[in-house]
Amino acid sequence: MTIGRLNHVGVATPSIEKSIALYRDLMGATKIHEPFDLPPQGVRVCFVDTPNSQIELIEPLGENSPILKFLEKNPLGGQHHVCFEVHDIHAAKAEMEAKGAKVLGEPRIGAHGTPVIFVHPKDMGGVLVELMETPKDGGH
């Protein structure tokens with residue numbers, strides 16, 4: 001496995017609408033995608049394009065959302081994870097596990113419609129890392 005490009009930085013937020021306003025009005029973001037629900041992940045998501053990557057705004061969806069615990073500890077929100085592209089998600093998962101890293105669950109379809117896995121922060125220098133299979137169209 002070879003690490004690919006940084007696809008996005010995930011930012012947990014109690015309010016996507018307020019976060020959109022922050023990135024638009026304070027940071028000057030001009031390309032903000034429409035928010036959408038991702039029920040299998042328990043989150044509502046909105047992507048903000050930057051010149052070379054994206055910010056993924058993540059809001060809890062329902063009472064079982066994995067983001068709720070993060071927001072309990074960080075009520076204003078904050079960086080939740082970083083996401084890197086990989087060529088083959090199954091090969092990446094096997095290699096990470098062979099090297100002793102804890103992969104959280106099986107590959108599943110992420111917000112970009114491609115398979116993703118998460119690697120536990122304790123094995124990644126304190127950072128939750130998402131690995132996503134590079135989208136077939138090469139875009140975000």
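Methionine 27 is a good place to start: in this predicted model, methionine 27 is exposed, with a relative accessible area of 60%. You will find methionine 27 in the loop that runs between α1 (16-26) and β2 (36-38). Methionine 27 also has nonpolar company on the surface, where Leu22, Leu26 and Met27 form a patch with about 350 Å² of accessible area together.

From here, look back along the chain to arginine 5, which lies in the segment before β1 (6-12). Arginine 5 has a relative accessible area of 33%, so it counts as partly exposed. Arginine 5 and methionine 27 are 22 residues apart along the chain, and their C-alpha atoms are separated by 23 Å. Residue 5 is also where a record comes in: an unreviewed UniProt entry places the feature "domain: VOC" at residues 5-134. Over residues 5-134, the chain is 35% strand and 22% helix, with the end C-alpha atoms 9 Å apart.

Now let us turn to the inside. In soluble globular proteins, nonpolar side chains tend to be buried together. The largest nonpolar core here has eleven residues: Val82, Val86, Ile89, Ala92, Met96, Ala101, Val103, Ile117, Val119, Val129 and Leu131. At least two residues of this core come from each of β5 (78-86), α3 (89-98), β7 (115-119) and β8 (129-133). Helix α3 gives the largest share, three residues.

What about the cysteines? A disulfide is a covalent bond between the sulfur atoms of two cysteines. Searching the whole structure turns up zero disulfides. Cysteine 46 is in no disulfide, and the nearest cysteine sulfur, in cysteine 83, is 16 Å away. Because a disulfide needs sulfur atoms within 2.5 Å, the 16 Å from the sulfur of cysteine 83 to its closest cysteine sulfur, in cysteine 46, is too far for a bond. Cysteine 46 has 0% relative accessibility and therefore counts as buried. Cysteine 83 is buried too, at 0% relative accessibility.

Charged side chains make up the last part of the tour. Side chains of opposite charge can pair when their charged atoms come close. The whole structure holds eight salt bridges. One of them joins glutamate 17 to arginine 44, with the closest N and O atoms 3.7 Å apart. This pair links distant parts of the chain, since glutamate 17 sits in helix α1 and arginine 44 in strand β3 (residues 43-49), 27 residues apart. Glutamate 17 is partly exposed at 46% relative accessibility, and arginine 44 is partly exposed with a relative accessible area of 21%. Both take part in a network of salt bridges that links Glu17, Asp37 and Arg44.

Helix α3 comes up again in the next pair. Which residue does glutamate 106 pair with in a salt bridge? The partner is lysine 93, and the closest N and O atoms are 3.5 Å apart. Here too the pair links distant parts of the chain: lysine 93 is in helix α3, while glutamate 106 is in the loop between α3 and β6 (108-109), 13 residues apart. Is lysine 93 buried or exposed? With 10% relative accessibility, lysine 93 counts as buried, whereas glutamate 106, at 55%, counts as exposed.

Finally, glutamate 95 forms a salt bridge with lysine 99, their closest N and O atoms lying 2.8 Å apart. Glutamate 95 counts as partly exposed at 22% relative accessibility, while lysine 99 counts as exposed at 63%.

Technical notes:
Residues numbered from 1 in each chain as written. Predicted model: local features only at pLDDT ≥ 70, side-chain atom pairs only at ≥ 80, totals over all residues. Heavy atoms only, no water. UniProt positions renumbered as here; feature names shortened; annotations may be inferred. Helix = DSSP H or I, 4+ residues; strand = E, 2+ residues; numbered from the N terminus. Buried < 20%, exposed > 50% of the residue type's maximum accessible area, 1.4 Å probe, protein only. Patch = residues over 30% accessible without salt bridge, like charges linked within 9 Å, V, L, I, M, F, W, Y side chains within 5 Å. Areas by Shrake-Rupley, 256 points an atom, 1.4 Å probe, with all protein chains shown as cover. Salt bridge = Lys/Arg side-chain N within 4 Å of Asp/Glu carboxyl O. Core = buried A, V, L, I, M, F, W, Y, C linked by side-chain atoms within 4.5 Å.
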